[in-house]
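Reader: I am in my first year and would like a close look at one part of this protein. Please take the sheet and what packs around it, and then say how the rest of the chain compares.

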Amino acid sequence: MTTPATADNEGFCATLKFGPGYDAPWLVMRDGSADGLKRKIGEAKESGLLETMGKASAYVVTLAPPKADKAAGQPSFSGGRVQNSAGAESGHKGDLTCDHGARTHVAKGTWEAYFCNADERAGEAKCPPAFLDKKTGKFAVKR
Ligand SMILES: [Zn+2]
């Protein structure tokens, strides 16, 4: 997933997460100025948008397919970047890293993949995910 560099991406961006996990729903707000962003967050709070989002998010996460297995290590955020303490899980083969370092393993329902940890907010482009190829048993980026 790449984000084209448009005027919308300039200035300030706030991501409000509705949960502690990597897959928690989030609300992103952008504005060209810090004051504008502050005003938007205030409006979101006063209009009840945040409460609505919180309730909707709590419902939406119940619709997600069950995880095939619990991730061994939840990625944590440190210094603005995702730090994956687990890294590649034992026995996994294939494209487990990229130019941005260790990828993050995500398993849901019928699929699992390693995702790039590039920081899009810092202008880095994410590499495509490496999905598990069940025929070869290896994680591979589709080219
Ligand atoms: Zn990458």
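Author: What follows goes through the sheet strand by strand, then the core, and then the parts outside it.

The model is a predicted one. The protein has two helices and eleven strands. Read from the N terminus, their order is β-β-α-α-β-β-β-β-β-β-β-β-β.

Start with the sheet. Five strands make it up, in the order β5-β11-β10-β9-β8, and this sheet is open, with mixed pairing. Its edges are β5, residues 93-94, and β8, residues 104-108, each of which pairs on one side only. As general background, the strands of a sheet pair through backbone hydrogen bonds, and the pairing can be parallel or antiparallel.

Take the β5 edge. Strand β5 runs parallel to β11, residues 138-141, and two bridges join them. One of the facing pairs is K93 with K138. Another is G94, whose bridge partner in β11 is F139. F139 will come up again below, so keep its place in mind.

Next comes the pairing of β11 with β10. Strand β10 covers residues 130-133 and is antiparallel to β11, with four bridges between them. Within this pair, F131 of β10 stands opposite A140 of β11. The two strands form a hairpin with four residues between them, and in this hairpin G137 has a positive phi near 75°. Thus β11 has a parallel partner in β5 and an antiparallel partner in β10.

Strand β9, residues 111-115, holds E112. Is E112 buried or exposed? The count of other C-beta atoms within 10 Å of E112 is 21, and 20 or more is the mark for a buried residue, so E112 is buried. E112 and F139 are 27 residues apart along the chain, while their C-alpha atoms are 8.6 Å apart.

Now the core. Which residues make up the largest nonpolar core? There are seven of them: Y114, F115, C116, A118, C127, A130 and F139. Several of these can be tied to the strands already described. Y114 and F115 belong to the core, and β9 spans residues 111-115. A130 is also a core member, and β10 spans residues 130-133. F139, the partner of G94, is in the core as well.

A118 is another core residue. Setting aside neighbours within four places in sequence, A118 is in contact with H100, E124, A125, K126 and C127. Among these contacts, C127 is itself listed in the core.

C98 lies in strand β6, residues 97-98. With the same kind of neighbour count, C98 has 19 other C-beta atoms within 10 Å; a buried residue needs 20 or more, so C98 is classed as partly exposed. Apart from neighbours within four places in sequence, the contacts of C98 are R103, C116 and C127. C116 and C127 both appear in the core list. C98 is also 9.8 Å from A130, C-alpha to C-alpha, across 32 residues of sequence.

Then the helices. Helix α1 covers residues 34-46, and its 13 residues should span 18 Å at 1.5 Å a residue; the end C-alpha atoms are 18 Å apart, so the two values agree. None of the 13 residues of α1 is buried, and the helix is hardly covered. After α1 comes G48, with a positive phi near 90°. Helix α2, residues 49-60, has twelve residues that should span 16 Å, and the distance between its end C-alpha atoms is 16 Å, which agrees. Like α1, helix α2 is hardly covered, with zero buried residues among its twelve.

Two loop residues complete the picture of the N-terminal part. G32 sits in the loop between β2, residues 26-31, and α1. G32 is exposed, with 12 other C-beta atoms within 10 Å. Beyond four places in sequence, G32 touches E10 and G11, and its C-alpha atom is 4.1 Å from that of G11, which is 21 residues away along the chain. A24 is in the loop between β1, residues 12-17, and β2. A24 is exposed too, with 11 C-beta neighbours inside 10 Å. A24 touches K17, F18 and G19.

For the protein as a whole, buried residues make up 11% of the 143 residues. Of the contacts with a separation of 6 or more, 35% join residues 24 or more positions apart.

Definitions and conventions. Residues are numbered from 1 along each chain as its sequence is written. This is a predicted model: local features need pLDDT of at least 70, side-chain atom pairs count only at pLDDT 80 or more; totals for chains, interfaces and linings use all residues. A nonpolar core is a set of buried Ala, Val, Leu, Ile, Met, Phe, Trp, Tyr and Cys residues joined through C-beta atoms within 7 Å. Two residues are in contact if their C-beta atoms, placed from the backbone, lie within 7 Å. Two strands pair if DSSP finds at least two bridges between them. The expected span of a helix is 1.5 Å times one less than its number of residues.
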